[in-house]
Structures are given as structure tokens and as C-alpha cells.
Amino acid sequence: MKKARRIVLMTTLPLLAVVPPTRAAPIVAHVGAPAVQAPLPPPDTSPARIVIEAALLHAAPEIRPAALQAALAAWHDLKSRGEVSRPLLTVIDYGLPSTTKRMWVFDLASYRLLFHELVAHGRNSGEDLAQSFSNEAGSLMTSLGAFVTGAAYTGRNGYSLRLRGMEPGVNDRAEARAIVVHGAPYVCDEVAHDLGRLGRSYGCPAVRPAIARSLIDELKDRTLLYAWHPSMRESPQPPMLASDLVLAGVDTKACRQSSLQK
């Protein structure tokens, strides 16, 4: 009798790049926040989140996975609470130098990178590197965490975008502090070359004047802007279910195909 040949079926899954371990970030002084940082939680490995992260990392290979993961977790939470209205995600990595493009804007429905831009931090947060953060009025520091965008308006800094801080004690004084997205002439490659850093704001995420209007018009009216830093204390990520993504206008099948294309 002939022996039956054994056939092994393998399912093709998106391949994610292996990220080498990084050294622990130094503890950063956050005004009004505890100095000791909590250990990071284990990453969420649900299939839906892995697929969408793979697609976005493919679109923006320069972004740090930890920043993207934290922003996606915040988006999921705020979407479930009805705070954000569109599948649009802005991520700022304030752990990077101001001279590098550290702002990313993603369309979660098409997995496209819409903007990759320079962004300034507050003048009392640091020189080229932001190292201190605050929620206090008059601190002239950047605040971290999740912000929901509001209406656009024209003020003393020109066309601007209101931000509502969603984290009590961390950034919930953003409106009272007039922390907004706006264009500023000190945000450009020329200033970065001359000073070795961008100019700094009073705490606002200021961007290049040339793209301020188009960026603000894209982000306004209840989308998520997430400001991240390696020293942040992160809470466990809630699982992002496929049903959540579909309800938000995210096509998980298209996302899977996007992540496989190189």
C-alpha cells in the first residue's frame, strides 16, 4: 500500500519588520505628572490591528511603531465614545528632533499617508529635542496625548485649528491655553539649517505656512491628533475589532492587500 502524501497548507499573512529593541528612554519631567514611568504593556496582537498597523507602516516606514500603536489605541477608544467622526489620524512623535519631519496624517479608510511634515514644539519644552511637557497655562510647553480637532478660525496666527485635550490632567487645558494648529514662519528647512532647530511656539503644534490651510481643512471637525513621546505612560490598548474598522469606513480586505504590496 502506498503511503499517503501529507500536504501542509500555509496561510499567507502580512510580514512585519522586526524592530530591534531600543534602550529605555530617560525619565522626562512632566509638570503636574508623576516622574516614575509605568512599564509598557504588551502589544495588542489582534489580527485586525496587526493588519492595519502593517498597512500604515508600509505607507510611512519612518514612523516608530510604538507611536503608531498608541495613536491607534486612542483613536479606537475615542471612536467608540463617539468623539471622532472620521477615519483620519494625525500622529506627532515629539521624541524626534524638530529638524526632522515628525508629523504624519493618515487616511485610515484608504491607508494613505496624506501629510508628512515638520512641526514645532513649545519654547520651554526644549531646544531641538522636546524634553519637558505641561498642561499648565503660561508654561509655554507642549502637551502630550490625544486631542480632538474642532473648528477652523482666523486669529492672530492666521488660519488656525482649535484642539480639545481629551486627557484630564495631561492636556485638558489646551483650549484655555489656546493650544491650536497654525502656520508659523519659523517652521521651515531654512530656519532648521540656520539655528540647528526649528523656531518654537508657545506650546502649539505649529506647521509650515505653505501647508497650514490645506492641513487644517483636512483635520478640522472631530478628527484625532495624537502627540506622543517615548517617555509617556501608556495604558493597555483595547482590542480593535474588524467590526470597529468596518463601521469607521475601514476596508480590512483592502488593508490586507495594501500591507502585502511592496
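Between which two strands does the loop that holds Tyr111 lie? Before selecting that residue, bear in mind that the model on screen is predicted, and begin with the whole chain in view.

**The whole protein.** With a secondary-structure cartoon switched on, the protein shows 6 helices and 10 strands. Of its 262 residues, 45% count as buried, and the accessible surface comes to about 13800 Å², with 57% of that area belonging to carbon and sulfur atoms. If you display contacts between residues at least 6 apart in sequence, 66% of them join residues at least 24 apart.

**First stop: Tyr111.** Now select residues 103-107, which form strand E3, and 112-117, which form strand E4; Tyr111 sits in the loop between these two strands. Its backbone deserves a look, since Tyr111 has a positive phi of about 60° although it is not a glycine. For background, most residues other than glycine have a negative phi. Turning on the surface, you will find that Tyr111 is buried, because its relative accessible area of 5% falls under the 20% cut-off.

**Second stop: Leu140.** Move on to strand E5 (133-134) and strand E6 (145-155), and select Leu140 in the loop between them. Here too the residue is not a glycine and phi is positive, with a value near 55°. Is Leu140 buried or partly exposed? Leu140 has a relative accessible area of 22% and is therefore partly exposed, given that the buried class ends at 20% and the exposed class begins over 50%.

Note on methods
Residues are numbered from 1 along each chain as its sequence is written. This is a predicted model: local features need pLDDT of at least 70, side-chain atom pairs count only at pLDDT 80 or more; totals for chains, interfaces and linings use all residues. Side-chain values use heavy atoms; hydrogens and water are left out. Helices (H or I, at least four residues) and strands (E, at least two) are DSSP runs, numbered from the N terminus. Buried means under 20% relative accessible area, exposed over 50%, partly exposed in between (1.4 Å probe, protein chains only). Contact means heavy atoms within 4.5 Å. Accessible areas come from the Shrake-Rupley method with a 1.4 Å probe; for residues, only the protein chains shown count as cover.
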